[in-house]
2 protein chains.
Amino acid sequence: MLRLSTKGQYGVRAMFEIARSCNHGPVTIREISERQDVSVAYLEQILNQLRKSGIIKSVRGPGGGYVLSRDPGKVSIGEILRELEGPVAITSCLDPKEGCMRVEGCVTHLLWKSLGENIEAFLNSMTLKDLLEGNEFISLKQRPGQVPGNIMAKVPDKTKARLAS
Amino acid sequence: MLRLSTKGQYGVRAMFEIARSCNHGPVTIREISERQDVSVAYLEQILNQLRKSGIIKSVRGPGGGYVLSRDPGKVSIGEILRELEGPVAITSCLDPKEGCMRVEGCVTHLLWKSLGENIEAFLNSMTLKDLLEGNEFISLKQRPGQVPGNIMAKVPDKTKARLAS
DNA sequence: ATAATAGTCTAGTGATTCTGTCAAGTATTA
DNA sequence: TAATACTTGACAGAATCACTAGACTATTAT
Ligand code: FES
Ligand code: FES
């Protein structure tokens with residue numbers, strides 16, 4: 001349940017690639033495609049949508065590609081996903097475009113609303129910088145009984161190597 | 001993004017109706033249908049699935065209907081949804097039935113995993129009893145700056161009346 | 001017995017959304 | 001002017017969703 005579409009997933013992975021090269025000039029769609037195993041044609045769609053929102057900028061012609069408009073620390077995962085898939089809306093009742101006549105007196109409405117707010121807070125608190133640093137597994141909230149632990153403990157060696165390069 | 005199917009939503013609302021009458025004998029599908037505006041035929045499917053999981057029991061014949069197998073406080077929303085829609089799986093990579101070859105070295109895998117665990121914890125912490133008491137809007141976690149406040153403050157009068165009866 | 005009540009089970013179907021592909025075009029640079 | 005790269009809109013197959021239909025079984029009251 002609660003699956004994210006591939007569009008959103010690929011979008012975040014593409015943004016990671018752009019963020020990773022933010023000090024090395026623009027990244028081409030082809031490069032992103034090769035590094036993340038997503039077709040060029042599909043990425044075109046996704047990146048275009050993100051460009052229109054102003055989150056990334058494009059450079060045309062030879063040597064061109066995509067660059068971040070902002071600091072990686074200022075781009076949240078929530079923002080990327082909202083642009084590609086619309087706002088979090090667990091139920092149609094909570095979708096600004098739809099709504100519901102039964103909200104008043106509905107026993108579950110606040111439940112879904114609360115869950116949605118939780119998710120949104122999580123996604124907004126996570127940025128591309130966290131992804132670059134391998135911090136993505138730090139939950140927004142530590143539940144009772146859970147201990148933070150060593151930040152790099154769970155990061156695979158492979159990832160460490162890529163991040164170091 | 002991240003929409004819950006109507007099946008899950010209706011399932012929780014149906015379970016609420018069964019829980020509400022847990023001291024008044026079985027509830028018929030017809031009653032649930034009328035109180036929650038869901039078709040009898042669709043509810044048949046949903047309740048049958050929940051019955052097979054053992055979460056509710058059925059009584060056939062006149063005067064029959066459905067009853068809870070357990071205390072409302074022992075039935076979590078997570079359990080209901082898991083039964084109807086499978087486990088939380090933000091991405092196919094996290095779905096026990098699918099998986100992914102790229103997990104090692106994938107920069108987003110832990111992000112989605114962490115989000116999924118957060119959601120699951122929220123859903124598991126919420127029970128039918130909370131719904132009956134109108135506590136459903138208490139977020140699992142109070143974020144910094146948020147104050148708990150009066151528990152019944154946001155509950156509509158309509159709901160209060162229904163809960164009192 | 002039998003009629004009425006109420007749950008059980010299996011299929012199937014139209015609508016929608018998802019997950020892409022394709023092709024023709026525009027802008028920039030060497 | 002050729003090569004590189006992004007831009008845009010249309011479209012199509014597959015999968016999932018959100019139900020509906022219909023035939024069947026079990027229980028109780030009369
Ligand atoms: S059914 Fe729409 S708010 Fe509950
Ligand atoms: S793509 Fe499957 S784990 Fe990241």
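Start with chain A: of its 165 residues, 45% are buried, meaning under 20% relative accessible area, with exposed set at over 50% and partly exposed in between (1.4 Å probe, protein chains only). This is a predicted model, in which local features need pLDDT of at least 70 and side-chain atom pairs count only at pLDDT 80 or more, while totals for chains, interfaces and linings use all residues. Residues are numbered from 1 along each chain as its sequence is written, chains are lettered from A and ligands numbered from 1 in the order in which they are written, and side-chain values use heavy atoms, with hydrogens and water left out.

**Stop 1: the fold of chain A**

Colour chain A by secondary structure. You should find 7 helices and 2 strands. Both kinds of element are DSSP runs numbered from the N terminus: helices are H or I with at least four residues, strands are E with at least two. Along the sequence the pattern reads α-α-α-β-β-α-α-α-α. Now consider contacts, defined as heavy atoms within 4.5 Å. Among the chain A contacts with a separation of 6 or more, 59% join residues 24 or more positions apart.

**Stop 2: the core**

Select Met15, Ile77 and Trp112 in both chains A and B. These have the most contacts inside the largest nonpolar core, which holds 76 residues. Such a core is a set of buried Ala, Val, Leu, Ile, Met, Phe, Trp, Tyr and Cys residues joined through side-chain atoms within 4.5 Å.

Zoom in on Ile77(B). Which residues does Ile77(B) touch, not counting those up to four places away in sequence? From chain A come Leu111(A) and Trp112(A). From chain B come Val12(B), Leu123(B), Met126(B), Thr127(B), Leu128(B) and Leu131(B).

**Stop 3: the loop between α4 and α5**

Stay in chain B and pick Thr91(B). It sits in the loop between α4 (77-85) and α5 (109-125). Thr91(B) counts as buried because its relative accessibility is 1%. Leaving aside neighbours within four places in sequence, Thr91(B) contacts Arg3(A), Gln9(A) and Trp112(B).

Switch to chain A and select Pro96(A). This residue lies in the loop between α4 (77-85) and α5 (109-125) of chain A. Is Pro96(A) buried or exposed? It is exposed, because its relative accessible area is 68%. Draw a C-alpha to C-alpha distance to Met1(A): the two are 22 Å apart in space and 95 residues apart in sequence.

Next, His109(A), in helix α5 of chain A. His109(A) is buried, with a relative accessible area of 14%. Beyond its neighbours within four places in sequence, His109(A) contacts Cys93(A), Leu94(A) and Val103(A).

**Stop 4: cysteines**

Show the sulfur atoms. How many disulfides does the structure hold over all chains? The count is 0, where a disulfide is a pair of cysteine sulfur atoms within 2.5 Å. Cys100(A) counts as partly exposed because its relative accessibility is 30%. Cys106(B) counts as buried, at 16%.

**Stop 5: DNA strand C**

Select the protein around DNA strand C. There are 28 residues around it, and Ser39(A), Arg60(A), Arg51(B), Ser58(B) and Tyr66(B) come nearest. Near means that a heavy atom of the residue lies within 4 Å. Of the strand C atoms within 4 Å of the protein, 69% belong to sugar or phosphate and the rest to bases.

Now look at polar contacts, pairs of N or O atoms within 3.5 Å; within protein, one must be able to donate a hydrogen and the other to accept it, and residues adjacent in sequence count only if both atoms are side-chain atoms.

- Tyr10(A): a polar side-chain atom lies 3.2 Å from a phosphate oxygen of strand C.
- Gln45(A): a side-chain N or O atom is 2.8 Å from a base oxygen of strand C.
- Ile29(B): a backbone N or O atom lies 3.4 Å from a phosphate oxygen of strand C.

Colour the surface near strand C by element. α3(B) gives the largest share, 5 residues.

**Stop 6: DNA strand D**

Move to DNA strand D. Of the 27 residues around it, Arg51(A), Tyr66(A), Ser39(B), Gln45(B) and Arg60(B) come nearest.

- Ser58(A): a polar side-chain atom lies 3.0 Å from a phosphate oxygen of strand D.
- Thr6(B): a backbone N or O atom lies 3.1 Å from a phosphate oxygen of strand D.
- Tyr10(B): a polar side-chain atom lies 3.1 Å from a phosphate oxygen of strand D.

End on α3(A), which supplies the largest share of the surface near strand D, 5 residues.
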